[in-house]
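Subject: Structure handover, with notes

Dear colleague,

I am passing on to you the structure we spoke about, and below it you will find my notes on what was found in it. Please read them with the coordinates open beside you.

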Amino acid sequence: MRVTGVQAPALEDLKTEIGLLRDQYPHLGDDDLFVLWFVFAFVTGAKEEATDSLTGASSEKGSDAIHLDHKAKLVTIVQGKYRKRLMAKPESRPELIAFAAMAQQLAGDDTAFEILSANLEGGALDKVRSAREAILTRGYRLNMHFATLGRCSEPLAEEARRTVRAVDIPAEQLPRLSVLDGRQVMSVLADYLDGVAPPVPSIELRVDNPQEKVDEKTGVSSWIFSANGWQMGQLVDEYGVKLFARNIRGYLGETVINKEIRQTLRQDPASFWYLNNGITIVCDEVLFERARGRDRLHLSNPQVINGQQTTYALHAEPKGAALADVSVRVIRIAKRGESDDFAAYDAMVARIVEATNSQNKIKAADLRSNDRIQVGIERDLHQLGYYYQRKRAAPSMVAASARRHEWRVRKEDMARAVASCEDSASARRGTDGLFEEPRYKRLFRYRTDHMLSRWWLWKLVESHARGQTNLQWAKWVTLRFLWSDLAPVIRAHPSRFIGLCERSASQGGPAQLERAIGHAFKGTLAYYRHERGKGPDRVELSTFFKRQDLDDPFSRFWSSRKNPHRQRYEKSAKRFSGSLGG
């Protein structure tokens with residue numbers, strides 16, 4: 001399991017990610033693993049597709065990976081340079097220019113392509129042929145990425161980009177080349193660790209009367225303009241959820257606010273600009289162009305951090321959106337790869353997100369959605385076959401994202417399960433406080449499989465109490481006791497425990513553990529009857545279990561002769577521990 005944190009990423013963090021891939025693909029060398037990680041993090045977001053894209057040939061002619069995105073009609077070619085030190089070795093001009101020349105060889109005449117394909121065979125040759133056919137006959141666009149942990153001078157990078165732009169091809173297919181040096185690769189790693197993988201490389205917006213403001217002190221620049229609503233709604237079709245990865249929530253569906261947004265688009269689209277808060281986008285770079293009387297902004301690595309609900313409403317109401325203008329604010333916060341740059345970027349994005357997301361109420365848990373700790377848990381659980389819902393979203397959005405997973409875990413449930421195993425009163429106070437400091441980092445400091453073990457125990461206790469009011473009130477004290485007693489054997493064998501729970505889930509849970517849970521509940525209720533009092537002083541069940549200091553007194557009662565359920569519990573718990581190897 002990875003160790004998560006919030007620092008600016010270093011080369012050691014990248015080596016950790018490559019090490020995780022090495023465990024899955026032991027036949028690949030470090031150079032191929034670096035390319036695999038880059039394609040996964042920057043291009044496709046699907047590990048199987050990234051693996052299939054590797055050319056795997058000894059004479060790959062500079063193309064370490066070739067990926068075809070049929071939905072976006074895009075051919076992507078990657079060359080990677082995995083260096084031992086960051087920003088140390090300069091990349092040579094012949095190698096980069098030769099890579100750039102592949103654009104003409106792929107899209108040019110047969111003679112040029114024969115030069116490229118000479119000595120290629122097997123899968124590498126098939127990938128090159130497929131890429132050429134897609135460009136020449138199906139109108140695919142070519143994207144090229146040269147990614148190195150070394151350094152590359154800007155004049156050399158610009159010369160390579162000019163070589164690519166010189167390809168004789170229709171304007172809408174004009175190929176693009178990005179040259180990423182070590183610092184920029186670290187920026188990709190930061191996005192990956194933040195859950196923004198793969199990013200949206202760029203978008204182009206038609207804008208009306210854009211106004212720019214530059215903060216000389218921070219270097220942050222912003223643009224404010226009006227844009228056509230239909231154009232903004234189309235971003236959902238073109239880029240999907242990737243464009244909202246830095247947003248603290250998913251699309252929330254038909255909330256009251258979202259219904260009002262759509263109603264305005266249907267009934268009074270001309271007033272939309274005045275009535276809506278608009279859309280806020282952060283990006284790394286902004287290029288302004290004016291041609292033939294039209295203004296355009298090209299945004300690099302854009303993310304919609306406020307206005308996701310508005311964007312989805314514009315997408316859902318295309319007729320009204322076409323007649324509506326929407327206010328858009330673009331904020332350029334450059335990331336150059338230095339530690340201070342990353343800290344400033346993250347702090348700025350967090351402040352903007354919290355300040356601008358006001359139409360739908362923000363919870364403390366929402367503000368943790370993009371925390372690297374949560375992203376790390378999401379990736380760990382994905383490897384185990386679980387969908388970890390770290391953002392609030394409409395049920396339809398969650399179902400679409402989780403359809404390939406058997407188990408779903410909400411981050412609020414994970415927090416409640418972990419906290420309740422330590423203090424039964426934690427869960428009764430609600431989940432928002434669990435995502436505030438100092439509780440938050442204390443709760444999520446454990447290994448992911450250990451937290452998942454607590455979640456499974458919570459799930460089994462919840463299942464046992466379902467439909468029984470008295471058990472619903474007693475469940476938190478019961479859960480805390482069960483974990484305190486069973487934690488040593490569960491922590492010693494987390495994989496066995498998780499697997500046992502998964503296999504027996506349809507029957508309610510492991511049989512001996514289910515019996516132990518039943519006896520524990522009986523002991524908890526016996527404790528209530530012993531302590532509730534009599535006559536006018538009698539305390540009701542619901543009032544009694546709202547007390548904040550029940551755990552230690554219950555432990556003393558459990559160990560005393562007043563508890564008639566201890567021996568049966570211990571018998572079942574011992575058999576369960578034996579089944580785990582304890």
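The notes below go from the nonpolar cores to single helices, strands and residues.

Please keep in mind throughout that this is a predicted model, and that every value in these notes was computed from it.

I begin with the cores. The largest nonpolar core has 66 residues, and those touching the most other members are Tyr386, Met414, Phe444, Trp456, Leu482 and Tyr569. The greatest contribution to this core comes from helix 21 (residues 469–492), which supplies twelve residues. A second core, separate from it and made up of 34 residues, has Met102, Leu106, Met144 and Phe146 among its members. As general background, nonpolar side chains in soluble globular proteins tend to be buried together.

Phe444 may be a useful place to start looking around the largest core: apart from neighbours within four places in sequence, Phe444 is in contact with Ile373, Gln374, Ile377, Tyr388, Lys411, Met414, Ala415, Phe435 and Met451. Tyr440 lies in helix 19 (residues 439–443) and counts as buried, because its relative accessibility is 0%, against a cut-off of under 20%. With neighbours within four places in sequence again left aside, the contacts of Tyr440 are Arg368, Asp371, Ile373, Gln374, Leu434 and Phe435. Tyr440 and Arg368 are 72 residues apart along the chain, while their C-alpha atoms are separated by 9.2 Å.

Two helices can be checked against their expected length. For helix 21, the 24 residues should span 34 Å at 1.5 Å a residue, and the end C-alpha atoms are indeed 34 Å apart, so the two values agree. Helix 21 nevertheless bends by about 60° at Leu486, with a proline, Pro488, following within four residues. For helix 8 (residues 182–193), the twelve residues should span 16 Å by the same 1.5 Å a residue, which agrees with the 16 Å between its end C-alpha atoms.

How enclosed is helix 8 by the rest of the structure? Ten of its twelve residues are buried, and therefore helix 8 is largely enclosed; the buried residues are Gly182, Val185, Met186, Ser187, Val188, Leu189, Ala190, Asp191, Tyr192 and Leu193. At the start of helix 8, the backbone nitrogen of Arg183 has a side-chain oxygen of Asp181 within 3.2 Å, and just after the helix Gly195 adopts a positive phi of about 90°.

Asp194 sits in the loop between helix 8 and strand 5 (202–214). Asp194 is buried, since its relative accessible area of 7% falls under the 20% cut-off, and its side chain makes a polar contact of 2.6 Å with that of Arg372.

Strand 5 runs antiparallel to strand 9, and six bridges join them; in one of the pairings, Arg206 has Arg296 of strand 9 as its bridge partner. Strand 9 (residues 294–300) has a covered face formed by Asp295, Leu297 and Leu299, and an uncovered face that holds Arg294, Arg296, His298 and Ser300.

Finally, Ser577 belongs to helix 26 (residues 566–580) and is buried, with a relative accessible area of 16%. From C-alpha to C-alpha, Ser577 and Lys73 are 55 Å apart in space, with their positions 504 residues apart in sequence.

With best regards

Terms used: Residues numbered from 1 in each chain as written. Predicted model: local features only at pLDDT ≥ 70, side-chain atom pairs only at ≥ 80, totals over all residues. Heavy atoms only, no water. Core = buried A, V, L, I, M, F, W, Y, C linked by side-chain atoms within 4.5 Å. Buried < 20%, exposed > 50% of the residue type's maximum accessible area, 1.4 Å probe, protein only. Helix = DSSP H or I, 4+ residues; strand = E, 2+ residues; numbered from the N terminus. Contact = heavy atoms within 4.5 Å. Expected span 1.5 Å × (residues − 1). Polar contact = N/O pair within 3.5 Å; in protein donor to acceptor, adjacent residues only side chain to side chain. Bend = angle between axes of the 7 residues up to and from the residue. Pairing = 2+ DSSP bridges.
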